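Q: Could you walk me through this structure?

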Amino acid sequence: MTRRDGAELLLLASLWGGSFLFMRLGAADFGPAALVFVRVAGAALLLVPLAALRGEAGAIARHWRPIAVVGLLNSALPFGCYMVAALVLSAGLSSIFNATTPLWAALIAWGWLGDRLSRPRIAGLAIGFAGVLAVGLQNASLKPGEHGVSPALGIALCLAATLCYGIAASYTKKRLAGVPPMAVAGGSQLAAAAFTLLPALWWWPAQTPGLAAWGGAAVLAFACTGFAYWLFFRLVAHAGPANAVSVTFLVPAFAVLWGWLFLGESLSPATVAGCVVVLLGTALATGVLPRRRA
């Protein structure tokens, strides 16, 4: 990776870490359903014209069915899960569970696509999910919070979101191989907006959110989603997929930092230790820490 790639990787991690902050800030004002729609619709407004400028609008039209499935699995459903979880979980804690996405992706690719699991990858899966169990048991209170959502339900929704991401990764590999990535990104956000429009209208907040809430939602949509997608695919092109995916290990650090700076959030030492275990398992499962050669 060049220095510019490294700087872009840090920027991407800060944006995706910031998404947990803005979900936490906006979920109560907008409600989960409305905020999901605002997020994906804003991202689509940025990404679809960009795909058209790159001459990839035709690819969206030709592959609209599988792209719509990706929009459901990779945006509409997981974003909804995270929005509900944001009502009760801190930004840092949600981001820790988000870091399990590569674990689910590796497990589903093995079961669905027949990807080989080496011994280090199997060990990584076991270590990663053990870390999830430790973090979950540390925070999984069944007592509902202010908005009627318990921490245990929030954790379950975070893991359901990462499971959706894992399924979407294998589905994209199987059904959208060779389709321009920007077409998939823009088309999937457009499809997610279509999927979430009616729920957003049904559960639109009775009291119109204030200017600050709309500003946070705009940053979430345009910067943390639309621009972040563009930046991710740029990194894939210039630094390679393996280097781009390493952003997974940086997102929790930025989410914890933003939550501490702007919301006064903190994590217990036990939760931090569990996060380290999750990231260690993820590193093994994704090959970031390869087995030492004999």
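What follows is a short chat about helix packing, cysteines and nonpolar cores.

A: Before we start, note that this is a predicted model, in which local features need pLDDT of at least 70 and side-chain atom pairs count only at pLDDT 80 or more, while totals for chains, interfaces and linings use all residues. Residues are numbered from 1 along each chain as its sequence is written, and side-chain values use heavy atoms, leaving out hydrogens and water.

Q: At what angle do the axes of α4 and α9 cross?

A: Roughly 65°, with the axes of α4 (residues 64–85) and α9 (residues 181–202) coming within 7 Å; axes here are lines fitted to C-alpha atoms over the stretch in contact, with angles from 0 to 180 degrees between N-to-C directions, and helices are DSSP runs (H or I, at least four residues) numbered from the N terminus.

Q: Which residues in α4 meet α9?

A: Among them are Gly71, Ser75 and Phe79, and the α9 side includes Gly187, Ala191 and Phe195, where contact means heavy atoms within 4.5 Å.

Q: Switching topic, how many disulfides are there?

A: The search of the whole structure finds 0, a disulfide being a pair of cysteine sulfur atoms within 2.5 Å.

Q: Why no bond for Cys158?

A: Because its sulfur is 8.3 Å from the closest cysteine sulfur, in Cys81, which is too far.

Q: And Cys164?

A: The sulfur of Cys164 is 5.8 Å from its closest cysteine sulfur, also in Cys81, again too far for a bond.

Q: What does Phe20 touch?

A: Leaving aside neighbours within four places in sequence, Phe20 is in contact with residues including Tyr82, Ala91 and Val251.

Definitions and conventions:
Helix = DSSP H or I, 4+ residues; strand = E, 2+ residues; numbered from the N terminus.
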